[in-house]
Amino acid sequence: MKKKIAVIGSGFSGLSAAAYLAKAGNDVHVFEKHDQPGGRARQFTTEQGYVFDMGPSWYWMPDIMESFFADFGCKTADFFELVSLNPQFEMIFSDEKIDVPESLAELKTVFEKIEKGAASQLEKFMQSAKFKYEIGMKDFVNKPCHNWAEFISLKIAKSALKLDLLTSFKTYVARYFKSEKLRTLMEFPVIFLGASPKNIPALYSLMNYGGYALGTHYPLGGFYQLVLAMKSVAEKQGANFHFNKTVERINTQNDKVKYLIINGENYEFDAVIASSDYQHTETLLDAAYRNYKDDYWKKKTFAPSSLIFYLGINEIIPNLKHHTLFFENELDGHIDCIYKEKKWPEKPLFYVCCSSKTDGSVAPKGKENLFLLMPLAIGVNDEECIREKYLTEMLSRIEKYTGISDLQSKIEYKRSYCVSDFMTDYNAYGGNAYGLANTLGQTAVLKPKISNKKLKNLFYTGQLTVPGPGVPPSIISGKIVANEIIKIKN
């Protein structure tokens, strides 16, 4: 039966849900508070001609994106050109740098130079990571996670021990490598999952395979090309997009959502999917209909927020790659500031994306666009003077590494983005940037539910529910929740 369905928010999970629901013949309407789609993955262009992706910049797990487009009879190449980066990225330590080459065979050579025997250990690690990736990204993450019974299958039962669900990622990596640098390199990807490596299950070594083995890519024109492509797919299926539309209230009747109040007007729907922040969405309901009380969210482990700077630099910066990680300081120290002490880091690590090294369309000729990101505890004070203090430190370290001088004087565009901005723009709980951390206690069935327990036609999708944070999981999340609605007979 054809249903009239509202999707709140046009991030990756919302775009995905809209496309699948429209394909199934439903009347789908996506309501977005901003003037463009994408949520955290929006893009903006400055008067000087700089183009900035506001959020995601690591195009990993390309097979997940291809799988989405294949479901609609197309492929990414129909919409944008995907470039494989070589090196994938470089990691800067206090005394040297490590380039991560495009080829896994070349990466083994890099490892062997740093630690004798590490090449064979990397091969073993990646064989196990590939197994976890194939089980995790094809069987585990596609479950709606209503209950544990969904995971009772012969295939998953046979795989249980190999998935290392009860081993911490940090302990697991230490079994393979002695070098602190190699351990840091292998632990880095799980930062995307929003928790310390010692609190994340070793299952997530699948991230190493999804990144280092499958490669790091870049869509020419910016990550936003993926947003535009998914929107195009959804529209071709019949989905309708409405921008500058803020959902102000979710009204109920007879244990169902009856209508939404959007920009002061009432709109009736048969079902509603919230791709918006889960906790915020529930504040739009009467307290009696919320899945979770405020205390529930306070006890959860959230992924970090971030301090971001978008900088337009009026000359070419030498010796800088597309992706560069400045890890001259200790990883554990920075992580403790995020999760234990919940304060600004004293010895920060940070990441620089200079996409103009790959793509001439994102900066004027002879100039660079820099995206600086420093992971940060949620809820901290982020006033301008604090942001500027850390910008000065980051620029100083970039100058030291690249050999360029006085970067401050070469900035012709600057915009900062931090905790309070995530709260204002996305209603993000605590100003988190990546959602809910994938700790063992917040995995699968233990995550916030995708369906409202009291309202039969209200569902949730995105990085605060299953399967978790990141672009590929968000795309999968949208498909999961769409399938749940499609299964409803009336």
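The chat below walks through a predicted model of one protein chain, from its overall form to single residues.

Visitor: How many helices and strands are in the chain?

Guide: The chain, which is a predicted model, has 15 helices and 19 strands.

Visitor: And what is its radius of gyration, set against a compact globule?

Guide: The chain has a radius of gyration of 22 Å, and because a compact globule with 490 residues would have one near 23 Å, the two agree. Taken along the principal axes, the C-alpha atoms fill a box of roughly 65 × 55 × 45 Å.

Visitor: What share of the residues is buried?

Guide: Buried residues make up 60% of the 490 in the chain. The chain exposes about 19,300 Å², and carbon and sulfur atoms supply 50% of that area.

Visitor: What about contacts, how many join residues at least 24 apart?

Guide: If one takes the contacts between residues at least 6 apart in sequence, 74% of them join residues at least 24 apart.

Visitor: Which residues have the most contacts inside the largest nonpolar core?

Guide: Those are Phe 177, Phe 188 and Leu 226, in a core that has 112 residues. Helix 4, residues 118–140, gives the most to this core, with nine residues.

Visitor: What does Leu 226 touch?

Guide: Not counting residues up to four places away in sequence, Leu 226 touches Phe 12, Tyr 59, Met 65, Phe 69, Phe 80 and Val 471. There is also a second, separate core of 29 residues, which includes Leu 372, Met 374, Tyr 390 and Ile 411.

Visitor: Changing topic to helix 1, is that buried or exposed?

Guide: Helix 1 is mostly covered, with 11 of its 12 residues buried; the buried ones include Phe 12, Leu 15, Tyr 20 and Leu 21.

Visitor: What span should helix 1 have, and what does the model give?

Guide: At 1.5 Å a residue, the 12 residues of helix 1 should span 16 Å, and its end C-alpha atoms are 17 Å apart, so the expected and modelled values agree. The helix is followed by Gly 25, whose phi is positive, near 100°.

Visitor: Ser 13 is in that helix, so which side chain makes a polar contact with it?

Guide: The side chain of Ser 13 is joined to that of Ser 275 by a polar contact of 2.7 Å. Ser 13 counts as buried because its relative accessibility is 4%, and buried means under 20%. Beyond its neighbours within four places in sequence, Ser 13 is in contact with Ser 275, Thr 461, Gly 462, Ser 474 and Gly 478.

Visitor: Where is Asn 369, and is that residue buried or exposed?

Guide: Asn 369 is found in strand 17, residues 368–376, and its relative accessibility is 3%, which is why it counts as buried. Its side chain reaches the backbone oxygen of Val 51 at 2.8 Å. Leaving out residues up to four places away in sequence, Asn 369 touches a list of residues that includes Tyr 50, Val 51, Phe 52, Leu 311, Cys 353 and Cys 354.

Visitor: Then Leu 407, where is that one found?

Guide: Leu 407 is found in the loop between helix 13 (384–402) and strand 18 (411–417), and because its relative accessibility is 0%, it counts as buried. Residues up to four places away aside, Leu 407 touches Ile 313, Ile 317, Leu 395, Ile 398 and Glu 399.

Visitor: What happens at the start of helix 7?

Guide: A side-chain oxygen of Ser 179 reaches to within 3.2 Å of the backbone nitrogen of Lys 181 there. Helix 7, residues 180–187, is mostly covered, with six of its eight residues buried, and Lys 181 and Glu 187 are among the buried ones.

Visitor: On backbone geometry, where are Pro 87 and Pro 467, and what kind of peptide bond leads to each?

Guide: A cis peptide bond joins Asn 86 and Pro 87, with omega about 0°, and Pro 87 is placed in the loop between strand 5 (82–84) and strand 6 (89–92). The bond from Val 466 to Pro 467 is cis as well, with omega near -5°, and Pro 467 sits in the loop between strand 19 (458–460) and helix 15 (471–486).

Visitor: What is phi for Asn 263 and for Lys 342?

Guide: Asn 263 has a positive phi of about 50° although it is not a glycine, and Lys 342, also not a glycine, has a positive phi of about 50°. Asn 263 lies in the loop between strand 11 (256–262) and strand 12 (265–268), and it is partly exposed, with a relative accessible area of 37%. Lys 342 is placed in the loop between helix 12 (331–339) and strand 16 (350–353).

Terms used:
Residues are numbered from 1 along each chain as its sequence is written. This is a predicted model: local features need pLDDT of at least 70, side-chain atom pairs count only at pLDDT 80 or more; totals for chains, interfaces and linings use all residues. Side-chain values use heavy atoms; hydrogens and water are left out. Helices (H or I, at least four residues) and strands (E, at least two) are DSSP runs, numbered from the N terminus. The expected span of a helix is 1.5 Å times one less than its number of residues. Buried means under 20% relative accessible area, exposed over 50%, partly exposed in between (1.4 Å probe, protein chains only). A nonpolar core is a set of buried Ala, Val, Leu, Ile, Met, Phe, Trp, Tyr and Cys residues joined through side-chain atoms within 4.5 Å. Contact means heavy atoms within 4.5 Å. The radius of gyration is taken over C-alpha atoms; the globule rule is 2.2 Å times the number of residues to the power 0.38. Accessible areas come from the Shrake-Rupley method with a 1.4 Å probe; for residues, only the protein chains shown count as cover. A polar contact is a pair of N or O atoms within 3.5 Å; within protein, one must be able to donate a hydrogen and the other to accept it, and residues adjacent in sequence count only if both atoms are side-chain atoms.
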